[in-house]
Amino acid sequence: MNVPSAHATRPYALLSIAAAVGTIALKFGAYALTGSIGLLSDAAESGINLVTALVTFWALTVAARAPDQTHPFGHSKAEYFSSGLEGALILVAAVGIAVSAVGRLFAPQPLEQLGLGMGLSLVATALNGGVAAVLMAAGKRLRSLALQADAQHLLTDVWTSAGVVAGLVLVQLTGWLVLDPLIALAVAVNIVWAALRLLRESADGLMDSALSDEDTCSIERILAGYAEGGLQFHALRTRQAASRRFISLHILVPGAWTVQRGHDLCEQIERTIEAALPQSYVTTHLEPLEDPLSWADAELDRIPRSGNSPEEKRR
């Protein structure tokens, strides 16, 4: 079972940290120039980006540790703590933004040097967009939830910044200062939505959610090839732990087979599934096809049964 090493994932986390530092400087500079609460809300989100990038770096380091005596299945679930903390921190930022925006809504203030401020914000937006694309590609390739969550947060930041700049253009064109805090409130709502999505994904992972339908169909196609020879399979169960997949199933063979023959078949099936789904840990359980007890747990199966159990043959 191949697991992404810290050497493979940590450079991307360091890239995220560097990008967060750069965007914070640019966005707070834009706020200092303009006094826009919308730009302040955008800068605050980038501050959260830095905190979460640091947490992501820690989580990826822990997740890449090899299995040990106290964690025999590895440490990959550390990534869920990273994305969960990120979601919680984003919620805190959203509350702070909303409070500041409401105060400015009842006491609008004039904005200064909007052109220069928006220019700095657009540079930060471009930086975030480029880093998000790199992180998302790396996260999918390395099957890293932490990197994908960080990329999603940066993409949310990109759209937030674009909305803020568009709103400030309207402020400049119309002179309606009340648009600035309204933009900040819209940013807060958008951030809450992103935070809830991250928290839900983290909860699903910690609850050992099943593999995707695409992955399960890949397993079923592999097993279907063996079933053509008269073998049976059931009790297929899967779970996802960040970058790792865990798969277990029961293999039913004629009771007259030797232990060696059954063992060789199990090894072959395990290797085939692991080759099709990298970073998988496959566990098989061998059972005699003719024994009624072998079918007692068939209700766990996602693969349609073909009517070859002893009870079904007698019907």
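**Exercise 1. Salt bridges**

How many salt bridges does the structure hold? Locate each one and describe its surroundings.

*Solution.* The model is predicted: local features need pLDDT of at least 70, side-chain atom pairs count only at pLDDT 80 or more, and totals for chains, interfaces and linings use all residues. Residues are numbered from 1 along each chain as its sequence is written, and side-chain values use heavy atoms, with hydrogens and water left out.

Step 1. Fix the criterion. A salt bridge is a side-chain nitrogen of Lys or Arg within 4 Å of a carboxyl oxygen of Asp or Glu. The structure holds 2 of them.

Step 2. Take arginine 245. It forms a salt bridge with aspartate 215, and the closest N and O atoms are 3.1 Å apart. Arginine 245 lies in strand E2 and aspartate 215 in helix H7, so the pair ties together parts that are 30 residues apart in sequence. Helices (H or I, at least four residues) and strands (E, at least two) are DSSP runs, numbered from the N terminus. Helix H7 covers residues 213-227.

Step 3. Check burial. Buried means under 20% relative accessible area, exposed over 50%, partly exposed in between (1.4 Å probe, protein chains only). Arginine 245 is buried at 5%. Aspartate 215 is buried at 10%.

Step 4. List the contacts of aspartate 215. Contact means heavy atoms within 4.5 Å. Leaving out residues up to four places away in sequence, aspartate 215 touches Arg143, Arg245 and Leu277.

Step 5. Take the other pair. Glutamate 267 forms a salt bridge with arginine 271, with the closest N and O atoms 3.8 Å apart. Both residues lie in helix H8 (residues 259-276), 4 residues apart, about one turn of the helix. Glutamate 267 is partly exposed at 29%. Arginine 271 is exposed at 51%.

**Exercise 2. Strand pairing**

Work out how strands E1, E2 and E3 pair, then examine alanine 235.

*Solution.* Step 1. Set the rule. Two strands pair if DSSP finds at least two bridges between them.

Step 2. Pair E1 with E2. Strand E1 spans residues 232-241. Strand E2 spans residues 244-253, and 8 bridges join the two in antiparallel fashion. Arginine 237 has serine 248 as its bridge partner in E2. Arginine 239 is matched with phenylalanine 246.

Step 3. Pair E2 with E3. Strand E3 covers residues 280-288, and 9 bridges join it to E2 in the parallel sense. Leucine 249 stands opposite threonine 284 in E3.

Step 4. Judge the cover. In E1, 8 of 10 residues are buried. In E2, 9 of 10 are buried.

Step 5. Inspect alanine 235. This residue is in strand E1. Its phi is near 55°, a positive value in a residue other than glycine. Alanine 235 is buried, at 0% relative accessibility.

**Exercise 3. A helix residue and an annotated span**

Place methionine 118 in the fold and relate it to the UniProt record.

*Solution.* Step 1. Find the helix. Methionine 118 lies in H4 (residues 114-142). It is buried, with a relative accessible area of 8%.

Step 2. Find its neighbours. Beyond residues up to four places away in sequence, methionine 118 touches Val165, Leu168, Val169 and Gln172. Its C-alpha is 9.8 Å from that of alanine 162, at a sequence separation of 44 residues.

Step 3. Turn to the record. An unreviewed UniProt entry places the feature "transmembrane region" at several spans, including 113-137 and 158-176. UniProt positions are given in the numbering used here, feature names are shortened, and annotations may be inferred rather than shown by experiment.

Step 4. Compare with the model. Residues 113-137 are 96% helix and 0% strand, with end C-alpha atoms 37 Å apart. Residues 158-176 are 89% helix and 0% strand, and their end C-alpha atoms lie 24 Å apart.

**Exercise 4. The whole chain**

Summarise the fold and its cover.

*Solution.* Step 1. Count the elements. There are 9 helices and 3 strands. Their order from the N terminus is α-α-α-α-α-α-α-β-β-α-β-α.

Step 2. Describe the cover. Of the 315 residues, 46% are buried.

Step 3. Describe the contacts. Among contacts between residues at least 6 apart in sequence, 74% join residues at least 24 apart.
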